[in-house]
Amino acid sequence: MRRERDSNPRYIAVRWFSRPVHSTTLPSLLFDSDANVIVFSKLQTKKRLILHQIKKKQNILNTRDMRSCSLYIILFLLSSFNLLNAKNLQANFQYFTFQNMESMPYVETYFSFLSTQIHYKKVADNSFQGEVLIELSIKNDQETSHFDKYLFKTPIITDTLVAQVFIDKQIYGLVNGDYEFEIILTDPNSDAVPLKSSTTFSIDYKENKIAFSDVMILESFTLSQNKSILNKSGYDLIPSFDEGAYFLDDSNTRLDFYVEWYNTQRDSATSNGYLLNYYIENEQSHTPITGFNSIKRKTKEKQRAFLGGFDISDLVSGNYNLVIALLDREGKGVLQKRVFFQRRNSSTEMKPQDYASILNNSSFVHKFEVIEQLAEHISSLLPIATQREWQFASNQLKNWDLNQMKQFFHGFWYNRNPIDPETEWLNYLNGVTKATGLYSTINVKGFATDRGRVFLKYGPPNDIENSVYDKYTLPYQIWTYYKIDQRTNKIFIFVENALGTNDYELIHSTLQGEKYNKNWKNWIYRERGSVKDLDNNDDNREIDLNLKDNLDD
């Protein structure tokens with residue numbers, strides 16, 4: 001999947017790639033000081049993560065002994081995944097700005113490469129190694145502040161088809177200002193055109209003024225066992241390598257982050273102690289989400305950094321902000337920072353009574369100013385609404401309050417598509433319009449008829465069989481669906497009880513949960529409103545209804 005970048009990206013689109021694996025929280029570290037290799041082992045999940053530090057070099061522009069380091073992180077997938085044909089170099093890039101103990105700003109850069117998109121050369125029998133030539137320049141007012149050109153070599157591997165993620169990390173000391181990254185990535189073992197990209201960023205840590213660092217959303221973290229280039233505040237941190245905005249899907253059960261702040265000891269509001277507040281809010285309304293709020297008391301002696309997060313197993317799908325704030329001892333806000341993320345959680349839905357918390361002034365529902373129109377739109381939701389949603393909707397229709405109806409209608413579609421609820425509604429409205437044109441009667445809108453409900457809930461059928469006129473049968477239709485979810489060859493039988501009304505009643509279906517009537521044939525064999533007893537009436541004759549063999553299944 002490819003994503004559009006926002007105007008202030010955390011990642012550079014060298015080329016987006018769909019990352020096939022997300023690391024889980026890592027177990028304890030095992031450190032081999034001679035080999036300088038840190039090994040993570042977690043056999044339960046059949047994943048092995050190796051961290052290999054390959055170089056340390058003095059940053060020539062850093063007068064305060066800041067070091068620039070490169071490392072590999074290799075995530076072995078022991079499953080059957082491979083990308084044999086994907087041999088065009090792709091990469092993901094992100095960065096974070098911090099200050100060191102002497103208040104000098106610096107930026108950490110992270111590249112990630114998918115192993116199956118790198119070309120390899122044979123270095124020995126059954127041994128292969130890939131390379132990426134990285135050229136990175138940091139410019140300030142068209143002048144180059146830093147230029148780095150180095151050859152990133154993968155570890156020697158024996159299987160080039162196993163999907164792995166390689167990570168390169170660098171640290172560069174900078175001063176406040178506006179900067180531009182310019183990046184060129186080349187696979188020396190390939191004839192492919194080098195990848196080029198650029199992005200801008202700013203550093204603005206004012207002297208003696210409270211400030212937050214960038215917020216690092218974490219893939220995983222572990223308590224440091226030894227000094228490591230991954231170490232921050234006693235933990236080894238691996239940032240999340242997501243695409244575009246942070247996207248947390250069903251497999252993500254936690255949202256963890258790391259952040260630092262500076263100069264609280266120099267501000268009268270925080271010099272004698274303060275509060276750290278972090279919470280999750282709705283991205284549009286900025287309403288805090290119940291159950292995702294925490295406050296930590298900080299004294300002036302405590303370290304000015306924090307690692308923490310939330311269990312988001314019960315956080316419903318939607319667009320959110322992670323908000324981190326510093327408060328004075330009375331709870332008054334001093335400083336705040338937001339990080340946007342998206343959540344997809346197919347196992348949890350927002351409760352209708354919580355819909356009011358997500359309505360904002362820019363919502364599409366504010367276009368509806370005629371209460372009768374909105375009431376009809378809400379009524380059209382019956383075919384796809386859950387039982388709880390429809391009970392809540394019925395109450396809104398009884399109360400006849402326009403604002404409450406707007407809250408419900410927005411929340412209903414937000415629950416199904418938090419990124420673009422209006423488009424989700426318009427797509428459904430298109431189906432409602434078709435149902436109205438095809439299935440309406442004199443007194444009933446098409447969406448409220450049996451055929452309209454089935455059409456809107458399951459989509460158009462693959463086949464419709466209409467009855468041939470016969471005085472011994474009522475008009476009927478047989479709808480066949482080749483597949484509904486994981487169920488195949490399901491039929492719906494509708495009968496027009498009152499001739500010429502276009503009002504067809506569902507009398508039988510082979511889909512579980514729908515009306516089932518083993519005597520459905522008796523319903524069809526009618527003559528001018530009277531039902532024939534097929535078992536006892538000698539006047540009945542054999543009538544060929546052209547019904548399919550599986551109608552009684």
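## A helix pair and two open sheets

Helix α1 (residues 371–379) packs against helix α2 (residues 387–399) at an angle of about 160°, and their axes lie 10 Å apart. Angles over 145 degrees count as roughly antiparallel, so α1 is roughly antiparallel to α2. The crossing of α1 and α2 is left-handed. Keep in mind as you look around that this is a predicted model.

Which residues bring these two helices together? From α1 come Ala375, Ile378 and Ser379, and they meet Trp390, Ala393 and Leu397 in α2. Sorted by class, the contact of α1 with α2 holds five nonpolar residues, one polar residue and no charged ones.

Now to the sheets, beginning with the one that follows in the sequence table below.

| Strand pair | Sense | Bridges |
|---|---|---|
| β25 and β26 (residues 476–484) | antiparallel | four bridges |
| β20 (residues 274–282) and β21 | antiparallel | seven bridges |

The first pair in the table belongs to an open sheet of four strands, in the order β25-β26-β27-β28, where the pairing is antiparallel. Why is one side of β25 and of β28 left without a neighbour in the sheet? β25 (463–466) and β28 (504–509) stand at the edges and each has a single partner strand, so one side of each stays without a neighbour there. On average, neighbouring strands of this sheet are turned by 25° against each other, direction ignored. If you would like a place to look within the pairing of β25 with β26, find Ile464, which stands opposite Trp479 in β26.

This four-stranded sheet also has a helix packed on it: α5 (residues 450–458) touches β26, β27 (487–496) and β28. The direction of α5 makes about 15° with that of β26.

The second pair in the table sits in another open sheet, this one built from five strands in the order β18-β24-β23-β20-β21, with mixed pairing. Which strands form its edges? They are β18 (246–248) and β21 (288–298), each of which pairs on one side only. Neighbouring strands of this five-stranded sheet, too, are turned by 25° against each other on average, direction ignored. Within the antiparallel pairing of β20 with β21, a handy residue to pick out is Asn277, whose bridge partner in β21 is Ile295.

Note on methods:
Residues numbered from 1 in each chain as written. Predicted model: local features only at pLDDT ≥ 70, side-chain atom pairs only at ≥ 80, totals over all residues. Heavy atoms only, no water. Pairing = 2+ DSSP bridges. Axes fitted to C-alpha atoms, helices over the stretch in contact; angles between N-to-C directions. Contact = heavy atoms within 4.5 Å. Parallel < 35°, antiparallel > 145°, perpendicular 65-115°, else oblique. Left-handed = near helix turned anticlockwise from the far one by under 90°. Nonpolar A, V, L, I, M, F, W, Y, C, P; charged D, E, K, R; others polar.
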